[in-house]
Amino acid sequence: MTDFAATKALFDLPEGIVYLDGNSLGPLPKAAPARIAAMLTDEWGGMLITGWNKAGWMAQPMRLGDRIGRLIGAEPGHVTTGDTLSIKVYQALASALEMRKGRKVVLSDSGNFPSDLYMAEGLLRMMGGGHELRVVAPDEVEDHITDEVAVLMLTEVDYRTGRRHDMKRLTAKAHAAGALTVWDLAHSAGALPVDLSGCGADFAVGCTYKYLNAGPGGPAFIYVAPRHAGRAVPALSGWLGHEAPFAFDLGYRPGAGVDRMRVGTPPVIQMTALEVALDVWDMADIHDVRAKSIELTERFIAGIEAACPTLDLASPRDPALRGSQVSFRFAEGYAAMQALIARGVIGDFRAPDIMRFGFTPLYIDEGDVDRAIAIIADVMNSGAWDRAEYKTRAAVT
Ligand SMILES: *Cc1c(COP(=O)(O)O)cnc(C)c1O
């Protein structure tokens with residue numbers, strides 16, 4: 001059984017803050033500053049360019065990929081890390097489309113994160129072959145999986161509402177229709193158990209700065225199923241995805257397996273932060289995290305609904321149908337969230353009216369949930385949010 005008091009002690013959380021935004025940016029692991037400082041001085045400073053070999057920098061993307069792979073049910077050797085999630089979405093979709101050349105439709109849903117849709121739009125425009133990005137309502141996805149569809153591209157957990165797709169069922173349906181799948185695990189990895197192998201997923205991608213706590217700008221990850229790994233054609237054929245980068249051949253030959261999804265020089269400093277953040281998982285079991293997350297979100301929903309009549313639940317009521325966040329609708333949600341942040345309860349706002357709260361059992365406990373409920377009730381019911389200073393929108397919401 002995971003000792004959540006022990007995992008909480010591994011994070012550096014400012015005094016007096018209830019941090020319900022780890023679904024957007026995870027907090028700082030206490031071990032990170034010293035480890036990053038040592039990497040800077042001992043490895044970069046002391047080893048200079050020999051660090052690529054001596055400190056194992058070049059092998060780090062695959063090593064970290066395997067550690068993430070254990071949390072998402074990937075076969076060993078089939079996940080790598082690097083770049084940003086938007087880039088990994090592009091790569092996965094491009095390779096999947098290449099494997100379904102005769103088909104023209106990419107099916108996604110209106111709950112997907114806009115960057116995934118934008119990357120798909122850009123890719124399809126570049127391909128110039130009359131492809132269509134078909135975006136339907138989340139609950140209509142299943143009915144739109146037809147034999148026109150080349151790729152089903154979905155994010156498992158909706159960033160706004162927390163609604164969760166049934167990955168296994170939709171993957172099976174896509175395969176039955178002859179389509180491939182690209183799953184975005186941005187709000188799944190580190191939040192709930194994922195079984196990529198058991199679901200028969202084709203491609204999956206995700207980021208590490210949300211529930212995996214790798215810090216702002218942490219590298220993304222990409223999974224390619226073993227049956228595709230040796231056939232997937234990389235759209236971004238950079239030198240580190242080449243079979244022999246240091247042969248400096250003029251022509252591109254893809255590397256073995258998922259290695260070919262590497263592009264360029266890995267962000268070693270940021271990878272060090274990810275490495276430390278993943279150490280936390282040596283003490284935590286993802287199934288325990290999920291069970292605890294359900295307890296915390298159920299407690300939060302019950303408390304808010306009892307105390308705050310002006311807030312409407314936007315997340316599915318059945319915990320099996322949502323991820324590890326809870327969202328409420330409120331027309332003046334932006335101002336209300338700024339007022340909460342001023343009182344030490346940090347969540348975030350997603351247009352047009354969603355107040356979003358993430359629950360991360362590694363460092364959030366029942367006491368935090370109860371404190372948050374009391375402060376939210378006070379701010380909402382006293383009208384303390386209704387002030388001009390809370391209504392001016394910052395660049396990042
Ligand atoms: C957070 C998130 C992103 C962000 O992509 P970056 O390239 O890392 O900025 C993309 N897609 C989804 C589904 C997300 O939740």
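**Helix α4, the open sheet and the two domains**

In helix α4, the buried residues are Gln60, Pro61, Met62, Leu64, Gly65, Arg67, Ile68, Gly69 and Leu71, and I start from that list, keeping in mind that what we are looking at is a predicted model. Since nine of the twelve residues of α4 are buried, this helix is largely enclosed by the rest of the structure. What, then, covers the buried residues of α4? The cover includes the strands β4 and β10, together with the helices α10 (268–279) and α11 (286–307). As for its dimensions, α4 has twelve residues and reaches 17 Å from its first C-alpha to its last, which is close to the 16 Å expected at 1.5 Å a residue. Just after α4 comes glycine 73, which takes a positive phi of about 70 degrees.

Let me turn to the sheet. Seven strands form an open sheet with mixed pairing, and their order is β4-β10-β9-β8-β7-β5-β6. At the edges are β4 (79–82) and β6 (132–136), each of which pairs on one side only, and from one strand to the next the twist averages 20 degrees. Within this sheet, strand β9 (residues 203–206) and strand β10 (residues 220–224) run antiparallel and are joined by four bridges, and phenylalanine 203 stands opposite valine 224 in β10.

Two helices deserve mention in relation to these strands. Helix α4 (residues 60–71) lies across β4 and β10, and runs at about 120 degrees to β4. Helix α7 (residues 167–176) packs on the sheet, where it touches β7 (149–155) and β8 (180–184), and the direction of α7 makes about 155 degrees with that of β8.

For a single position in the sheet, I would pick valine 106, which lies in strand β5 (residues 105–109). Is valine 106 buried or exposed? Its relative accessible area is 0%, so valine 106 is buried. Once we leave aside its neighbours within four places in sequence, valine 106 is in contact with Leu93, Leu97, Leu124, Glu132, Leu133, Arg134, Val151 and Met153. Of the strands already named, β6 spans 132–136 and β7 spans 149–155, which may help you to place some of those partners on the screen. By contrast, valine 106 and threonine 297, which are 191 residues apart in sequence, are 33 Å apart in space, C-alpha to C-alpha.

Next, the cysteines. How many disulfides does a search of the whole structure find? The search finds zero. Cysteine 199 is in no disulfide, and the nearest cysteine sulfur, that of cysteine 207, is 19 Å away; because two cysteine sulfur atoms must be within 2.5 Å to count as a disulfide, that separation does not qualify. Cysteine 207 is likewise in no disulfide, its nearest cysteine sulfur being that of cysteine 199. Both are buried: cysteine 199 has a relative accessible area of 15%, while cysteine 207 counts as buried at 1% relative accessibility.

Finally, the overall arrangement. The domain assignment of the protein gives domain 1 (4–29 + 285–390) and domain 2 (33–281). Between the C-alpha centres of domain 1 and domain 2 the distance is 28 Å, and 33 residues of domain 1 are in contact with 24 residues of domain 2.

Technical notes. Residues are numbered from 1 along each chain as its sequence is written. This is a predicted model: local features need pLDDT of at least 70, side-chain atom pairs count only at pLDDT 80 or more; totals for chains, interfaces and linings use all residues. Side-chain values use heavy atoms; hydrogens and water are left out. Buried means under 20% relative accessible area, exposed over 50%, partly exposed in between (1.4 Å probe, protein chains only). Two strands pair if DSSP finds at least two bridges between them. Axes are lines fitted to C-alpha atoms, for helices over the stretch in contact, and angles run from 0 to 180 degrees between N-to-C directions. Contact means heavy atoms within 4.5 Å. The expected span of a helix is 1.5 Å times one less than its number of residues. Domain bounds come from an automatic or database domain assignment.
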